[in-house]
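These are my notebook entries on a structure that I consulted for the reader's orientation. The entries follow the order in which I looked things up.

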Amino acid sequence: MMPAWMIPVVSAVASAALVCASPLVVRRLLAAGGDGDTEAGSVVAGEESPVAYADVVAARWFLPVGVLASAGAAATLALGVGPHPLLLVLVPLVPVGYALAVVDARTRRLPRRVVVAATCAAAAGFITEWAVTGDLGVLARAGGGLLLARTSLWVLWLLGGVGFGDVRLAALTGLVTARIGWSAFVVGLCTALLLATGFALLRAVLTRRSVRGQSIPLGPFLILGAWIGLIGVTA
């Protein structure tokens, strides 16, 4: 059995290695449809971004920053979760979350294929867990978190406050945080919305622009909020 101190180390190394593969994965997943996912992640209706997804992940700073950020985030999660098979789902999602956060911050859009693929992979992991352990309650809670988070952001989308890419990403973060527990789910979602609101207000003050006219990428806040929710409950 692996020593306890090795688990954060292995998680950090694995996450850092997966970041190095993320540019290729993003390009492969988007190869069929290019960057034509115009509906995803745009906070202001009809906004088009001049920055392509592939250009973001090809930037020179993307990998060095991603290796450090993902290694630190994965190690922190491993310290909280401990020697649990759940890390097999959480650790690969760390570099995916980093890539999505950076892409959304740069383009104001979220690649639908990447978000959906990550959500399906996480759901498959939880279904496998249920098949092995027989714990239907865990699977039901994860599914409930997905539906509740997606519905909450869907309402905001109807009101024109977020893009539909944010709705899809909320489903992923809700699925993962609710698997840990409802406390992680509530902390994750509320923290994301509070941080995004605070950022919008601060930028409005600094730029002297109305909050209503701003384009705020919610993706980075959803991912950061989910991470805070996970480490806050598992630590």
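Before the entries, I note a term: helices are DSSP runs of H or I with at least four residues, numbered from the N terminus. The model is a predicted one.

**Entry: surface patch**

I looked up nonpolar residues on the surface. Trp-154, Val-155, Leu-156, Trp-157, Leu-158, Leu-159 and Leu-193 form a nonpolar patch there, and together they have about 640 Å² of accessible area. Which helix gives the most to the nonpolar patch? I found that it is helix α6, residues 136-158, with five residues. I then took one member of the patch, Leu-158, which is found in helix α6. Is Leu-158 buried or exposed? Its relative accessibility is 51%, and the cut-off for exposed is over 50%, so Leu-158 counts as exposed.

**Entry: salt bridge**

I searched the whole structure for salt bridges and found one. Arg-179 forms a salt bridge with Glu-129, and the closest N and O atoms are 2.6 Å apart. Because Arg-179 lies in helix α7 and Glu-129 in helix α5, the pair ties together parts that are 50 residues apart in sequence. I also checked the accessibility of Arg-179, which is 8% in relative terms. Buried means under 20%, so Arg-179 counts as buried.

**Entry: largest pocket**

I turned next to the largest pocket, which has a volume of about 550 Å³. I recorded 24 residues in its lining, of which Val-94, Gly-97, Tyr-98, Ile-223 and Trp-227 lie nearest the centre of the pocket. Which helices each supply at least two residues of the lining? They are α3 (62-81), α4, α7 (164-180) and α9 (219-234). The largest share of the lining, nine residues, comes from α4. By residue class, I noted 21 nonpolar residues, three polar and no charged in the lining.

**Entry: a loop residue**

I followed α4 to its end. Arg-108 lies in the loop between α4 (87-107) and α5 (112-133). I noted that Arg-108 has a positive phi of about 65°, although it is not a glycine.

**Entry: a residue in α5**

My last entry concerns Ala-117, which is found in helix α5. Its relative accessible area is 33%; since this falls between the cut-offs of 20% and 50%, Ala-117 is partly exposed. I also looked up its separation from Leu-172. The two residues are 55 residues apart along the chain, and their C-alpha atoms are separated by 9.9 Å.

Notes: Residues numbered from 1 in each chain as written. Predicted model: local features only at pLDDT ≥ 70, side-chain atom pairs only at ≥ 80, totals over all residues. Heavy atoms only, no water. 1 Å grid on protein atoms, 1.4 Å probe; cavity = no way out; pocket = protein on both sides within 12 Å on 5 of 7 lines; lining within 4 Å. Points joined across faces, edges and corners; volume = space filled by probe spheres on them. Nonpolar A, V, L, I, M, F, W, Y, C, P; charged D, E, K, R; others polar. Buried < 20%, exposed > 50% of the residue type's maximum accessible area, 1.4 Å probe, protein only. Patch = residues over 30% accessible without salt bridge, like charges linked within 9 Å, V, L, I, M, F, W, Y side chains within 5 Å. Areas by Shrake-Rupley, 256 points an atom, 1.4 Å probe, with all protein chains shown as cover. Salt bridge = Lys/Arg side-chain N within 4 Å of Asp/Glu carboxyl O.
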